[in-house]
Amino acid sequence: MSVDRSNSEVKALAKFLNIKNFKQSIDKKSGVSQVKCNGQAVSGLASIAAFLDSSSKDSPLDRCTSGVHQAQIQQWLEYRVTVLDRCLSEKDVTTALKELNTFIQHRVYFVGNSLSLADLLIYFGLHSTFNQLTLQEKEGYLHLSRWFNNVQREANLSRYYPTLPFSMNYLYQGITGH
């Protein structure tokens with residue numbers, strides 16, 4: 001993932017969580033994003049996201065007090081950084097989209113019953129990919145598209161990322177009009 005993309009995601013997350021007093025920088029040796037907030041410094045997207053969420057006094061995200069939910073959120077943050085951010089080829093992207101589509105098939109959110117940090121970071125990570133997909137390609141990932149559209153609308157993320165269009169009707173090839 002590019003440094004600019006990481007920086008914009010951290011800024012969007014901080015705004016979403018209503019955190020104003022933080023400083024963002026890039027470690028010159030490693031090129032990794034860093035955030036300083038309330039006298040503490042944290043590096044790396046997953047760690048920064050968890051830190052900002054825990055620092056927010058009025059986070060709209062489900063904090064998932066259960067240890068299992070917290071572990072699941074951490075698992076998805078790691079997935080984001082180790083899988084989604086490292087998709088180098090179209091085949092890698094397709095594999096990840098199929099995997100996520102299957103996982104979300106019978107769920108509304110990745111963890112628990114309401115929007116969590118996992119949903120937000122996966123949304124941020126998929127935005128540019130979904131922006132490049134046609135409506136017909138999005139329909140190939142029906143469950144993931146449903147989830148993506150739900151998250152972008154529920155969380156009012158248009159303040160940070162453009163709202164992407166999704167077809168509410170299936171498109172069928174081979175049907176001719178009169």
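Start with the H2–H3 contact. Select Leu 45, Ala 46 and Ala 50 in H2, then add Leu 77, Arg 80 and Val 81 in H3; these two sets meet. The model is predicted, so read the side chains as a prediction. Colour the contact by residue type: five residues are nonpolar, one is charged and none is polar.

Now show both helices as cartoons. H2 covers residues 45-55 and H3 covers residues 67-82. Their axes lie 9 Å apart, at an angle of about 145°. Look at the handedness too: H2 passes H3 in a right-handed crossing.

Next, the largest pocket. Select Val 93, Thr 94, Leu 97, Thr 129 and Gln 132. Of the 18 lining residues, these are the closest to the pocket centre. The space inside comes to about 380 Å³.

Which helices each supply at least two residues of this lining? Select 90-103 for helix H4 and 117-132 for helix H5; each of them does. Then colour the lining by type. Nine of its residues are nonpolar, five are polar and four are charged.

Zoom out to the whole chain. Display the secondary structure and you should find seven helices and three strands. Trace the elements from the N terminus: the order is α-β-β-β-α-α-α-α-α-α.

Last stop, overall dimensions. Switch to C-alpha atoms. Along the principal axes they fill a box of roughly 65 × 35 × 30 Å. The radius of gyration is 17 Å, which agrees with the value near 16 Å for a compact globule of 178 residues.

Note on methods:
Residues numbered from 1 in each chain as written. Predicted model: local features only at pLDDT ≥ 70, side-chain atom pairs only at ≥ 80, totals over all residues. Heavy atoms only, no water. 1 Å grid on protein atoms, 1.4 Å probe; cavity = no way out; pocket = protein on both sides within 12 Å on 5 of 7 lines; lining within 4 Å. Points joined across faces, edges and corners; volume = space filled by probe spheres on them. Helix = DSSP H or I, 4+ residues; strand = E, 2+ residues; numbered from the N terminus. Nonpolar A, V, L, I, M, F, W, Y, C, P; charged D, E, K, R; others polar. Axes fitted to C-alpha atoms, helices over the stretch in contact; angles between N-to-C directions. Left-handed = near helix turned anticlockwise from the far one by under 90°. Contact = heavy atoms within 4.5 Å. Rg over C-alpha atoms; globule rule 2.2 N^0.38 Å.
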